[in-house]
Amino acid sequence: MMTLTIWSDFACPYCYIGERRLQKAIEVMGLTDEVRIDYRAYELDPNAPKVVTGSTPERFARKYRLSLEDARKKVDEISALGREIGIDFRYATTQYSNTRDAHRLMKLAEAKYDRATVERLNEALFAAYFTENLVLADHAVLLDKAVSVGMNADDVKAVLDSDEYADEVRLDEREAAMRGVRGVPYIVFGGNFAVPGAMEVDGFKMALERELRNQKQAEEAQDVHSCGPEGCKL
């Protein structure tokens, strides 16, 4: 089994696009049952408000010092990239807010549910933001998405009404800082090498092929003649 570790944020357009491109590469290579994805939290703006204070084009204009017209064009260009990979991408009308509770919800799913549920929740949260244009800081939205993928409503409410799993989110972000992560998506292939950014499908295929070669070499190395505390390989 190949394990990929992905740092991302649900308000990051390239994270959603990158994960879809990665999934496409996995499917094309016939590795759907051979790859496990572990999700790690990364808040682009830990201090983002819990209420929406403006439009995405307006935020782009302020942050990147663009005219509002140029900001709209850039946002539309990013949306086009999402549509190319099959997402009904509506970036211009997203409602930017804090994503910490969404990440805490993912930690609950990882702690108490199977991988299929975790993957469904990950997709549901991205779609809620970029396609449905919902507010991810809204607990009613998070509860609805969690229940829709099979999570228990009472468990979800208890977590959202507390600070549970906040430490796990911070731990992910500290690990990212130790790795020198400066942007997401940031994907580690089997602990061997990392790929920053949303590569094209062919780029992800090359990375998957590299990791397959690494795994094969590691398996072959285990077959060499050697001796250890439990004896020698004969």
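How much surface does the protein chain expose, and what share of it do carbon and sulfur atoms supply? In this predicted model, the exposed area comes to about 12,400 Å², with 48% of it supplied by carbon and sulfur atoms.

**Figure 1. The whole protein chain, before zooming in.** The fold of the protein chain is built from 9 helices and 6 strands. Along the principal axes, its C-alpha atoms fill a box of roughly 70 × 40 × 30 Å. Of the 234 residues in the protein chain, 44% are buried. Take the contacts with a separation of 6 or more: 70% of them are between residues 24 or more positions apart. On the charge side, there are 32 positive and 41 negative side chains, and the centres of these two sets sit 4 Å apart.

**Figure 2. Phe10 meets Phe126.** The structure holds 12 aromatic pairs, and here is one to look at. The ring centres of Phe10 and Phe126 are 5.1 Å apart and the planes make an angle of 65°; that is over the 60 degree cut-off, so the pair counts as edge-to-face. This pair ties together distant parts of the chain, with the two positions 116 residues apart. Phe10 belongs to the loop between β1 (2-8) and α1 (13-28), while Phe126 is in helix α5 (residues 115-130). Both Phe10 and Phe126 are buried.

**Figure 3. The aromatic cluster around Phe10 and Phe126.** Pull back a little and the Phe10 and Phe126 rings turn out to have company: they form one aromatic cluster with Tyr16, Phe60, Tyr64, Phe89, Tyr91, Tyr129 and Phe130.

**Figure 4. Phe189 and Phe193, with Arg210 over one of the rings.** Which kind of pair do Phe189 and Phe193 make? Their centres lie 5.1 Å apart and their planes are at 5°, so this one is stacked. Phe189 has 0% relative accessibility and therefore counts as buried. Phe193, at 9%, falls under the 20% cut-off too, so Phe193 is also buried. Phe193 has a charged visitor as well: the charged end of Arg210 sits over its ring, 3.9 Å from the centre.

**Figure 5. Arg59 over Tyr96.** Here is another arginine placed over an aromatic ring. Arg59 lies over the face of Tyr96, and the distance to the ring centre is 3.8 Å.

Note on methods: Residues numbered from 1 in each chain as written. Predicted model: local features only at pLDDT ≥ 70, side-chain atom pairs only at ≥ 80, totals over all residues. Heavy atoms only, no water. Helix = DSSP H or I, 4+ residues; strand = E, 2+ residues; numbered from the N terminus. Buried < 20%, exposed > 50% of the residue type's maximum accessible area, 1.4 Å probe, protein only. Contact = heavy atoms within 4.5 Å. Areas by Shrake-Rupley, 256 points an atom, 1.4 Å probe, with all protein chains shown as cover. Lys, Arg positive; Asp, Glu negative; His and termini not counted. Charge placed at Lys NZ, Arg CZ, Asp CG, Glu CD. Phe/Tyr/Trp six-rings, centres within 6.5 Å; stacked < 30°, edge-to-face > 60°. Lys NZ or Arg CZ within 6 Å of the ring centre and 35° of its normal.
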